[in-house]
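Some notes on this entry follow, one topic to a point. Please read them beside the coordinates.

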Amino acid sequence: MIDSVSPIHNALVRGPFTDEQRQLLERLAASVSPEQTLWLDGFLAGLSVAPATAITGAANPTAVASLDVAKPTLTILVGSRSGHGEEIAETVRRLALNKGFEPTVKDMSQYAPAALAQENNLLVIVSTHGDGVPPLEAEDLYHDLHNGEAPDLADVNFTVCALGDSSYQFYCQTGKDFDVRLEELGGSRIYPRVDCDVDFEDPAEEWAKGALEALAELSPPPAAAVRTATVVQPTTDYNKKNPFEAPLLKRILLNGRGSQKETYHLELSLEGSGLIYEPGDALGVYAVNHESLVNRLLETLQFDPHQKVKTHDGPRQLTSALTHGYELSVISIEVLKSYASLAANESLDALLGDNDKLHDYLYGRDILDLVTDFPIPGLTADTFVGVLRKIPARLYSIASSLQLHPHEVHLTVGAVRYELNQRKHLGVCSTFLADHIAQGGKVPVYIDRNKGFKLPEDPDTPIIMVGPGTGVAPFRAFVEERSIQGAQQNWLFFGDQHFTTDFLYQLEWQRYHKRNQLRLDVAFSRDQQDKVYVQHRMQEQSKDLYAWIQEGAHFYVCGDEKRMAKDVHQALLDVFQNEGNMSLERAEECVKNMQKSKRYQTDVY
């Protein structure tokens, strides 16, 4: 006869737990995924009150008491929207505990500038948003330090980890500004700032280890507080460094015949991966460069495609390295600077010295354009590969609810194709998904958590969603999730070019609308002489919008940052001014408060 009692139950009965604790642990163990189990393992291992045998492997029970000693304090100050800063902070916290420090992670949005003067050891982790400005979480502290009566930091040891994307002109600018300002205020930089690109994990961990070594020399922790070993996390779970090969189940063209756009709905299987996600999260997708681009680049540079070159993954055939290893479809500012340093070129130097011209040049051009426009005589393959950056994953907002589609993840992807310099340019990942993956083919993916774009916990809370074009993707996930929860107050503003060809997910929206689960306002810009956009529909519904917000509605925007998101933000200010009879200053204050309280969230690009 097989014992029906689980091994977990038997283990807990033998463990030092009360009946109530055992029941709680059994319920938790039955509900968590393998990924969550790994996280809990690391979390429990990092607790400073954990037994020494669980943390260090020490057999001496008296070692528990040895950890109860005075330790130098360490503040890890984080300003990040996506959650990547928090990931780094957790890594730093665990490393600091093992080093013998007493670390505390603090959110910049809840941090007063005057508190900086009370710190002794400070590690700053901050991202850059848009065109070189601080993210909302760091905005107030940044402005207070630069514009207000900033404190004297003569007793503060600091270092900065800057997060950014080198495809943007003002790469890591906020972190650079913090680094300079903290020193201006008297702080002592104990370790050089690191500027992290989209592949931030390795440089951030190297920075953390180096910073902690430097701090340990200045403020040596008591020997009894230093742990002799760290917990080694299993490496079999799927993540950014170990993506899951997800089979493509479906690919459906969403646009009708005659549309100027090419938007696909894709369904991928997560069966057997253990990956889980929430509405608002993104899917990281690894693509390969197009064969035509690689071949033209090799031909232009007159390189032997079969020669071996040094890469970040070791020696590799050049064609393979360029196809799988390096970014070719985008010129990042750091790559441009590295390329310019290889040879004197007055035109290229002049371009780097003119921000406006530089911005225009970088937009839409690829590495083939760069080597064509600014050839370097005698350039070798190894040197060329050495200036390129690793090809990063592309992030796409997830367009499905895991509750409604178990073991699947859906995407809404617009294929990018355009002419520039009398040559066709292709978006590396969008056309990889559109053209090169057959049904059943494998796509390397991982889940990218987005803490700054989440549904309210209470399904009775109203939500307002503004998502034109492919910006509607996360709102499909939102509405699916909320339909399962029985939520009724869901309002979507959707826009695109033409009603007949570009009404993405039209039948689904209409079905939710008929069930009274969705209020829907649409704007099709090219269906009349005067263009109509989602912000115009917001202005038309100004009274109801204000009423929903007054009732506690959460407001979400997804899509183009440079134009649409700014216009929608202005329309929201107009709603407060007109319906609330407010001054512009008061309206801005109200909208800012919505942002700070997470009632106004954006996922823009």
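1. Glu291 and Glu299 of helix α10 are exposed, on the other side of the helix from its buried residues. The model is a predicted one, and that applies to every point below.

2. Which residues of α10 (residues 291-301) are buried? They are Leu293, Val294, Leu297, Leu298 and Leu301. Viewed down the axis of α10, these buried residues fall within an arc of 130°, so they line one face of the helix. This fits the general pattern: an α-helix has 3.6 residues a turn, so residues three or four places apart point the same way.

3. The cover over the buried residues of α10 includes helices α11 (318-325), α15 (367-373) and α16 (381-387), together with strand β15 (423-426). After α10 comes Gln302, which has a positive phi, near 55°.

4. Elsewhere, an open sheet is formed by 5 strands in the order β19-β18-β17-β20-β21, with parallel pairing. Its edge strands, β19 (519-524) and β21 (600-604), each pair on one side only. From one strand to the next, the twist averages 10°.

5. Within this sheet, strands β17 (residues 463-466) and β18 (residues 490-496) run parallel and are joined by 4 bridges. Met465 has Leu492 in β18 as its bridge partner.

6. Which helix packs on the sheet, touching β17, β20 and β21? Helix α23 (residues 561-580) does. The direction of α23 makes about 160° with that of β20 (554-559).

How values were computed:
Residues are numbered from 1 along each chain as its sequence is written. This is a predicted model: local features need pLDDT of at least 70, side-chain atom pairs count only at pLDDT 80 or more; totals for chains, interfaces and linings use all residues. Side-chain values use heavy atoms; hydrogens and water are left out. Two strands pair if DSSP finds at least two bridges between them. Helices (H or I, at least four residues) and strands (E, at least two) are DSSP runs, numbered from the N terminus. Axes are lines fitted to C-alpha atoms, for helices over the stretch in contact, and angles run from 0 to 180 degrees between N-to-C directions. Contact means heavy atoms within 4.5 Å. Buried means under 20% relative accessible area, exposed over 50%, partly exposed in between (1.4 Å probe, protein chains only). The arc is that of the directions from the helix axis to the C-beta atoms.
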